[in-house]
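Me: I've got a structure open here. Can you walk me through what's inside?

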Amino acid sequence: MMSEQPLISVIVPVYNVEKYLRPCVESILEQTYKNIEVILVNDGSTDKSKAICLELAEKDKRISYYEKANSGLSDTRNVGLEKVTGDYILFVDSDDLLSFNAIESLYKLCKKYNADIAVESICHFTDGKEPDFKGSTKDKLLNREEAICDFLYQKEISTSACGKLYSASILSGIRFKPGILYEDNLFLSDVFECVDKVPYSKQECYGYRHRSESITTKDFSERDLDIIDIGKELVQRYENQSRVLELAVHAYQSTNCMRIYLTANRCERYKDVIAYCRQYMNQYKVEILTNPKVRIELKIGLMILPLPRTIVVKIRRLIKRWKT
């Protein structure tokens, strides 16, 4: 039976995750879909992650282990992409978890629609809790433009590279841009540029752990400004393709600007980027407020933006983007 299934490669970048690594890999090995290879790439961990990787690889021959000097998530995933031998590829971050049938359900979604990518929902959970994966039989097929818009509006298709199954052929010429944060945004845009259809299911297959020390939940740092440059690149990519995509990318960049405007330190170093964010949001404020596809959180932020920044920040914190 296993030989009849295509091989699916699971890339797991590893960096100082000794607390989470074992349950993450076990959730992959215990999948209902068995014909997998697990590519563990150690990005110069200084804790016990290497020892755990070697122990797991010794116990299950489906695991391959590689290590490299620390250079960040993008480089680490790219190393994994060079090592895969499967027909399909899945990314799993080493502090997250898969539902027991995640790979099987994603593969079936690909086959059902004869697609090069399949997308399912993400289950968000906080550190110390377990993900409560919700099952669903509802799926739909999006065309390229619909998928890009959904991603840019940050609706159902998450901006994470995880929770998605890709054909190896579609990723043959696509890599993550090294040295930046939010690299998944550019990666997914590159992927959607290469497909004509994207099946999506509401079934939750991927458990995304939110922990206080994560790069996605930490306080502002200068590297957070990468999201503005990424937004500028996507604006240039989509603004002249169609009015539909233009509206979506304006909302996407306004969301980025709102984030930086509210979190960046008020010092001379960030004066220009803060001014850019304010100008951009004002420029497209009316367009966004009248666009029914824009998330209510962004609209509220724009409406209260004339208030003092400290008050806007307090109100924004009351609006949760995900629930546990």
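**Overall fold**

Reply: The chain's secondary structure comes to 12 helices and nine strands, where helices (H or I, at least four residues) and strands (E, at least two) are DSSP runs numbered from the N terminus. The radius of gyration is 20 Å, close to the 20 Å that the globule rule gives for 324 residues, so the chain is as compact as a globular protein of that length. That radius is taken over C-alpha atoms, and the rule is 2.2 Å times the number of residues to the power 0.38.

Me: Anything I should know about the model and the numbering?

Reply: This is a predicted model: local features need pLDDT of at least 70, side-chain atom pairs count only at pLDDT 80 or more, and totals for chains, interfaces and linings use all residues. Residues are numbered from 1 along each chain as its sequence is written, and side-chain values use heavy atoms, with hydrogens and water left out.

Me: What share of the residues counts as buried?

Reply: 53% of the 324 residues. Buried means under 20% relative accessible area, exposed over 50%, and partly exposed in between (1.4 Å probe, protein chains only).

Me: Which residues have the most contacts inside the largest nonpolar core?

Reply: Phe91, Tyr166, Leu171, Phe187 and Phe192, in a core of 105 residues. Helix 8 gives the most to this core, with 10 residues. A nonpolar core here is a set of buried Ala, Val, Leu, Ile, Met, Phe, Trp, Tyr and Cys residues joined through side-chain atoms within 4.5 Å.

Me: What does Phe91 touch?

Reply: Leaving out residues up to four places away in sequence, its contacts (heavy atoms within 4.5 Å) include Ile11, Arg77, Leu81, Tyr166, Leu171 and Phe187. Arg77 and Leu81 are also among the buried residues of helix 3 (residues 73-83). What covers the buried residues of helix 3 includes strand 1 (8-14), strand 4 (88-91) and helix 6 (183-192).

Me: Switching topic. How many cavities of 30 Å³ or more are there?

Reply: One, with a volume of about 50 Å³. On a 1 Å grid over the protein atoms alone, a cavity is a set of points where a 1.4 Å probe fits but cannot get out, while a pocket is an open set with protein on both sides within 12 Å along at least five of seven lines; lining residues have an atom within 4 Å of a point. Grid points are joined across faces, edges and corners, and a volume is the space filled by probe spheres set on the points.

Me: And what lines that cavity?

Reply: Leu152, Tyr153, Ala251, Tyr252, Thr255, Val294, Arg295 and Leu298. Helix 8 (residues 243-263) gives the most, three residues. By class, the lining has six nonpolar, one polar and one charged residues. Ala, Val, Leu, Ile, Met, Phe, Trp, Tyr, Cys and Pro count as nonpolar, Asp, Glu, Lys and Arg as charged, and the others, Gly among them, as polar.

Me: How about the second largest pocket, what classes line that?

Reply: One nonpolar, six polar and six charged residues. About 200 Å³ of space lies in that pocket. Of its 13 lining residues, Ser105, Lys108, Glu120, Ser136 and Gln203 lie nearest the centre. Helix 4 (102-113) and strand 9 (197-210) each supply at least two lining residues, and the largest share, five, comes from helix 4.

Me: Last one: is Gln154 buried or exposed?

Reply: Buried, at 13% relative accessibility. Gln154 has a positive phi of about 55 degrees although it is not a glycine, and its place is in the loop between helix 5 (144-152) and strand 8 (164-167).
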